[in-house]
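This report describes selected features of a predicted model, going from one sheet to the next and then to the contact between chains.

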Amino acid sequence: MTLTPNSIDQLREQLPKAKVVEAMDLSAIGDLIEHVPEDMTATAQAGMTLGDFQTQLAQQNQWLPVDPPCPANRSIGALLAGNASGPRRFGFGTVRDWLIGIAVVLPDGRLVRNGGKVVKNVAGFDLCKLFIGSRGTLGVIVEATFKLLPKPEAEVFLKKECASFDDAEQSLEQLWGSDLQPHVLDLHRLNGQPVNFVAGFAGARADVESQAKAARKLGLQSEANLDYDATFRPTAHVTESVAPADTINHLRSMTDCDFVARAGNGIMYVRHHHPENFKGGIGVDLASGPPALQTRIKNIFDPKGILSTL
Amino acid sequence: MGQTNLIHELQTIVGAEAVLSAEEELLVYECDAYTLEKNLPTAVVLPRTTDEVVAIVKLCNQLKLPIIPRGAGTSLSGTVLAVDGGVMIALTRMNRVLNVDARNRRALVEAGCVNAWITRDAASHGLFFAPDPSSQSACTIGGNVATNSGGPHTLKNGVTTNHVLGYEMVLPDGTVEWLGIEPDGGEEVDGYDLRGAAIGCEGMFGVVTRVLVRLMKTPPAFKTFLGIFESVDDASQTVSEIIRAGIVPGALEMMDQLITQAVEEAYHFGFPLDAGAVLIVELDGLPDGIKAQGKQVEKICHQNNAREVRVAKDDTERAAIWKCRKRAFGAIGRLSPNYVTQDGVVPRSKLPEIMRFIRATSEKHDLRIPNVFHAGDGNIHPLILYDERKPGETKRALAAGHDILEKCIALGGSVTGEHGIGAEKIDFMPKQFSEDDLAAMKMLRRAFDPAQRCNPHKMFPGGKRCAEFAPRKQAHA
């Protein structure tokens, strides 16, 4: 069944009574609870979209430094459930690094808080981490508090159209070994185009300008934007993940595909033109079943199996 | 099985020289840097391999004995106190840096590896390990994982959980799990983020044996300011305004007059003895941006009545400033025979208020309370000075600490930013969290340690307390 609660209290009543919840619509639980610019923290309910949240924060020239695709349609709850990220992940990490407190409704209806509103806090176990990326299988996140950053004074993206993977590798390694501090390091090959190497710089204007100049000298001559990520990732693809140094070799081994790759993180979003010819990708090895510890956690938090399985 | 048999079995696993059981050998292990409660473990074992740890844990299971994982014992909250005896597994002999993978900016180390050794070995690659607790020349990475350690430079870079990618843990049932990112693996890991969920578990989920850490590139430039202020109020206000201005310094630390005087007497840096407070503001990054932000920092300091803003002239002077800051606790011996420190956190805009409250608390309990702390994070470290030989002073010191922590909660903060709950702050857990909040934490613990035998009687109310035990009386198996 689909749950469409009007309030947290209603969710607390509905959830224990539900047999199996297939979908959850929290759009009615979507308020900005508070934004405290002087503390650089903000609290929002899970139904609020990431786009609306960022718009509110931007009024005080602050932001939550995560940039997954489709912020206008992505709720804070969905952002957390999937630990979603975008191109700026190389510079800013994922939402896991910015969440400092949550409120969760457990399948039995209990409302549980963890963490808090301060940026440094080790009181008790870190359930924030347990719930981030748990895809709604352990409880329903209804509220989240984040630490924020000031919006960068300047931001620039540059790209190089590479003649080959060797060419791309050379540019990447040069940038990697330099003193520059890119916050985006992407490779993409889309719609039969050559491999593009994209680097981004953000921060104080003087730093961004001097880094852009240095990057141009490394061959990243053209201005770019990140639209490729927003366009490509909502379409069907698989996610591959390797150690960062192995990215280019992994891409080389896949000839018949389009991709967007986080070269600094070793993460690749890949669309195989003939997926039947391709074996691999990350994913749970279903033959051996999920690890015992994961199963124990699921069974303890959701003993009746009301929420979906991991 | 009696005491003798236990020792014999442990010796069979690790060899005779790696088992401590005589009272005089165990004394070192009766407490950590939180010394108000003490109790001896039944035995201390010093394994050299994960296999040995597994065998020890399985033996403890058979005998239903508590397991207490321990690093260097620098915890300030009694996290490694053997409340009910048991076998203490000290990881200090598993202390190697196994591999520095410079291209992937990762290092694989054993749990007993000292925090500072990682940066020492990574520095030649232009890399460093960010979490830098003041105890970093002694504390171990396993302890950092257990307590999610912070440090002065975690304001910008984040704490241990942001820099530990994965680790091997021997669970209380003796199974070995790798949690998080594998040494040669990708960042995307299937399933729940158990790595994150178990960082900061205070040794209650298992024994960490190997750790994969993230290394960062050493910033090309630093600029370290010393803001000299007439009053703590002015310095606190400066901190709030620097944060509000959107500046994210690498570190933003405060020392009040009593601390500055003690540090000066001990280390002769040249701190002014008559200043109300000294702020250390360190910017790191690229030279141009630092220059621009440095001007802003100086301006904000002067707007808040700074008497003087000094800049460290070179790396040597910068290193000297940090040496003073990190050894500040060590200088306290000059002020008082005993002290107890707290590490509450408040929202950063509440710093001026909590500092005023600490001053009032000092007067109320007639005890000196110097402060040296991570101002940029809102993480206070009041050092409550007392003399245990004077009747009633210990009690007053504890009461002052309680007042301060309760105020932190009232201001929307937390009772601990980096030291942990341990044995010390158990009573505050029900004040900061609801019964259901605590129940959810215990649910997670149950998945890792259903029998609650790993570092028992910590964090949650209702367990045994050392006060109920005669000090230095050895528990028997």
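## An open sheet in chain A

In this predicted model, β14(A) is joined to strand β16 (residues 267–272) of chain A by four bridges, and the two strands run antiparallel. Within this pair, A:Val238 stands opposite A:Val270 in β16(A). Both strands belong to an open sheet of seven strands, whose order is β13-β10-β12-β11-β15-β16-β14 (chain A) and whose pairing is antiparallel. The edges of the sheet are formed by β13 (222–223) and β14 of chain A, each of which pairs on one side only.

A helix is associated with part of this sheet: α6 (residues 165–177) of chain A lies across β10 (154–161), β11 (184–189) and β12 (196–203) of chain A, and runs at about 20 degrees to β12(A).

## An open sheet in chain B

Chain B contains an open sheet of five strands in the order β5-β6-β10-β8-β9, with antiparallel pairing. The edge positions are taken by β5 (97–101) and β9 (176–180) of chain B, each of which has a single partner strand, so one side of each is left without a neighbour in the sheet. On average, and with direction ignored, neighbouring strands of this sheet are turned by 10 degrees against each other.

At one edge, strand β8 (residues 164–170) of chain B is joined to β9(B) by five bridges in an antiparallel arrangement, and B:Gly166 stands opposite B:Gly180 in β9(B). At the other, β5(B) and β6(B) pair in the antiparallel sense over four bridges, with B:Leu108 of β6(B) as the bridge partner of B:Asn99. These two strands form a hairpin with four residues between them, and B:Arg105 in the turn has a positive phi of about 50 degrees.

## Strand β6(B) and helix α4(B)

Strand β6(B) is also joined to β10(B), through five bridges and in the antiparallel sense, and here B:Arg106 stands opposite B:Arg214 in β10(B). Five of the five residues of β6(B) are buried, so the strand is largely enclosed by the rest of the structure. Both of its faces are covered, with B:Arg106, B:Leu108 and B:Glu110 buried on one side and B:Ala107 and B:Val109 buried on the other.

Helix α4 (residues 115–122) of chain B lies across β5, β6 (106–110) and β10 (207–214) of chain B, and runs at about 45 degrees to β5(B). The buried residues of α4(B) are B:Asn115, B:Ile118 and B:Ala122; they cover an arc of only 60 degrees around the axis, which puts them on the same side of α4(B). Their cover includes β5, β6, β7 (127–128), α5 (141–147) and β10 of chain B.

## Parallel strands and a buried loop residue in chain B

Strand β4 (residues 87–90) of chain B takes part in parallel pairing with two strands. Strand β2 (residues 43–45) of chain B pairs with β4(B) over three bridges in the parallel sense, while strand β3 (residues 67–70) of chain B is joined to β4(B) by four bridges and also runs parallel to it. B:Met88 appears in both pairings, since B:Val44 stands opposite B:Met88 and B:Met88 is the bridge partner of B:Ile68. Both faces of β4(B) are covered, with B:Val87 and B:Ile89 buried on one side and B:Met88 and B:Ala90 buried on the other.

The loop between β3 and β4 of chain B holds B:Thr74, which is buried, with 21 other C-beta atoms within 10 Å. Residues up to four places away in sequence not counted, B:Thr74 touches B:Asp32, B:Ala33, B:Ser135, B:Ala138, B:Cys139 and B:Gly143.## Nonpolar cores

The largest nonpolar core has 205 residues, among which B:Val45, B:Ile89 and B:Val213 touch the most other members. Leaving aside neighbours within four places in sequence, B:Val45 is in contact with B:Leu10, B:Val14, B:Ala18, B:Val19, B:Ile56, B:Val87, B:Ile89 and B:Ala90. A second, separate core of 32 residues includes A:Phe197, A:Ala202, A:Val260 and A:Ala261.

## The contact between chains

The contact takes 61 residues from chain A and 66 residues from chain B. On the side of chain A that touches chain B, the elements that give two or more residues are β7 (111–115), α5 (127–131), β9 (149–150), α7 (205–217), β14 (238–241) and α10 (292–301) of chain A. The largest share of this side, six residues, comes from α10(A). By class, the side of chain A that touches chain B has 32 nonpolar, 16 polar and 13 charged residues.

Notes. Residues are numbered from 1 along each chain as its sequence is written. Chains are lettered from A and ligands numbered from 1 in the order in which they are written. This is a predicted model: local features need pLDDT of at least 70, side-chain atom pairs count only at pLDDT 80 or more; totals for chains, interfaces and linings use all residues. Two residues are in contact if their C-beta atoms, placed from the backbone, lie within 7 Å. Ala, Val, Leu, Ile, Met, Phe, Trp, Tyr, Cys and Pro count as nonpolar, Asp, Glu, Lys and Arg as charged, and the others, Gly among them, as polar. A nonpolar core is a set of buried Ala, Val, Leu, Ile, Met, Phe, Trp, Tyr and Cys residues joined through C-beta atoms within 7 Å. A residue is buried if 20 or more other C-beta atoms lie within 10 Å of its own, exposed if 12 or fewer, and partly exposed in between; C-beta atoms are placed from the backbone. Two strands pair if DSSP finds at least two bridges between them. Axes are lines fitted to C-alpha atoms, for helices over the stretch in contact, and angles run from 0 to 180 degrees between N-to-C directions. The arc is that of the directions from the helix axis to the C-beta atoms.
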